[in-house]
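Dear colleague,

Please find below the structure for your review. A short account of the findings follows it.

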Amino acid sequence: MFRAGATLALAALVGCAANSEPAALCSGPVDDGVACTVDRCDPATGVVTHVPDDASCPPGQTCSPALGCVAPAAGCDALPPVAGTAIRLEPLSLGSFATALVDLGAPPGDAHRLFLVEQEGRIWLAVDGQRLATPYLDISGRVTSGGERGLFSLAFHPAFASNGKLYVNYTAVAGSGDVVVSEFTAPDPAGAAADPASERVLLTVEHSTYSNHNGGRVAFGPDGYLYVGVGDGGGGGDPFGSGQSTASLLGKLLRIDAASPAAPVPGNPFGTAVYHWGLRNPWRYSFDRLTGDLYIADVGQNAWEEVDFLAAGPGPAPPAGVNWGWNVMEGTHCYGATTCNQAGLALPVIEYGHDQGCSITGGFVYRGPVMPDLAAAGTYFYGEYCSGWVRSLQIAGGVATNPRQPFSGLGNVTSFGEDGCGELYVVTAAGISRLAPGP
């Protein structure tokens with residue numbers, strides 16, 4: 001992780017058209033607060049139901065059990081394109097949060113919703129720029145948070161619209177800070193809440209000794225598997241030797257099958273979840289949604305921050321079995337020595353020293369529909385937690401080109417995010433800004 005109108009009426013019980021709830025012979029409240037739902041209680045059983053009534057909405061609108069009457073959702077193809085590559089940051093007004101925001105995302109193709117990850121253990125939902133009043137998912141009681149610990153990220157199943165499955169990565173109260181990857185299910189994928197009781201733990205990585213270097217991102221790769229970035233276990237200089245130990249799940253990029261997490265994915269090099277090794281703290285990595293290329297921003301020790309790059313192929317994902325060098329190397333430099341054996345190690349595509357920052361935050365290649373010229377250029381954006389800038393680069397022939405620094409003075413850049421259409425956002429501890437056409 002990094003170092004160091006109208007108010008929408010929410011249903012009191014979301015998704016009750018599909019589920020029912022017992023009431024003591026209709027003695028409890030029946031009205032869910034949503035004007036377009038028909039609220040009934042069966043006097044014989046006490047079961048309360050809330051049935052959407054589209055006919056009660058204005059023409060052209062439908063009734064959502066969570067949001068009330070809503071207009072038909074326009075897709076990503078309805079976003080108007082703007083020519084050129086000039087960019088600016090457009091702040092979003094989503095209110096304040098109790099703890100730092102560390103991630104955002106949305107289901108594939110969803111043009112209206114953003115899901116905001118708060119470090120303490122809550123995920124919030126914003127619909128068309130308006131944040132809902134209650135969390136989409138609250139697991140704060142299961143998360144140990146503070147410093148580099150907390151709820152780190154979320155990922156949506158490629159078929160989320162039909163199965164409602166989403167995935168999170170957090171440090172758990174149980175296990176004194178162990179890294180946990182879990183699946184949750186939303187009873188209504190189009191609704192306003194996931195079920196906290198639906199948790200299915202896919203993976204646990206022991207991480208109780210030190211509180212730092214937890215990694216943090218979960219993401220589905222272009223091959224349909226779930227990837228997990230895990231730090232080296234903390235301390236300084238990798239005291240466990242995790243980075244170069246292929247038997248450890250620390251200091252790794254892992255790849256698992258979300259449907260069968262205990263079975264190693266074919267092609268993983270050691271018959272385990274390990275996909276790549278030799279990483280110190282891959283707080284943020286991403287796949288180019290067009291090419292499948294992999295970018296890993298690995299936080300350095302005392303001197304160098306780095307971006308690792310690996311092109312996709314053969315097949316949709318980048319090759320397995322890459323050793324990124326930690327703790328033999330820090331960036332392109334031998335760590336703690338003047339010479340070292342670099343045989344078999346993959347070196348970063350770009351690095352910068354601690355005269356420019358102290359903790360890199362990886363981002364994404366912009367491929368959104370709003371700025372097609374920028375999308376065609378394949379520009380990767382990344383940031384700096386300590387120095388508060390955002391930089392960009394492009395890859396040509398495996399080499400970083402066209403380095404720029406379009407933004408500075410942003411404060412602590414904790415993460416980046418993509419919405420369901422591929423538009424890009426910068427997340428700081430204080431809030432979120434969208435990458436928008438400039439100037």
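Strands (E) are DSSP runs of at least two residues, numbered from the N terminus, and two strands pair if DSSP finds at least two bridges between them. This is a predicted model, in which local features need pLDDT of at least 70 and side-chain atom pairs count only at pLDDT 80 or more, while totals for chains, interfaces and linings use all residues. Residues are numbered from 1 along each chain as its sequence is written, and side-chain values use heavy atoms, with hydrogens and water left out.

An open, antiparallel sheet is formed by four strands in the order E12-E13-E14-E15. Its edge strands, each pairing on one side only, are E12 (151-156) and E15 (195-205). E14 (residues 179-185) and E15 pair in the antiparallel sense over six bridges, and Thr 185 stands opposite Asp 195 in E15.

The largest nonpolar core (buried Ala, Val, Leu, Ile, Met, Phe, Trp, Tyr and Cys residues joined through side-chain atoms within 4.5 Å; buried means under 20% relative accessible area with a 1.4 Å probe, protein chains only) has 40 residues. Ile 123 and Tyr 136 have the most contacts inside this core. E12 gives the most to this core, with four residues.

The lining of the largest cavity (residues with an atom within 4 Å of a point on a 1 Å grid where a 1.4 Å probe fits but cannot get out) includes Arg 280, Asp 298, Trp 304 and Glu 330. Strands E22 (304-310) and E24 (329-330) each supply at least two residues of this lining.

Kind regards

Note on methods
1 Å grid on protein atoms, 1.4 Å probe; cavity = no way out; pocket = protein on both sides within 12 Å on 5 of 7 lines; lining within 4 Å. Buried < 20%, exposed > 50% of the residue type's maximum accessible area, 1.4 Å probe, protein only.
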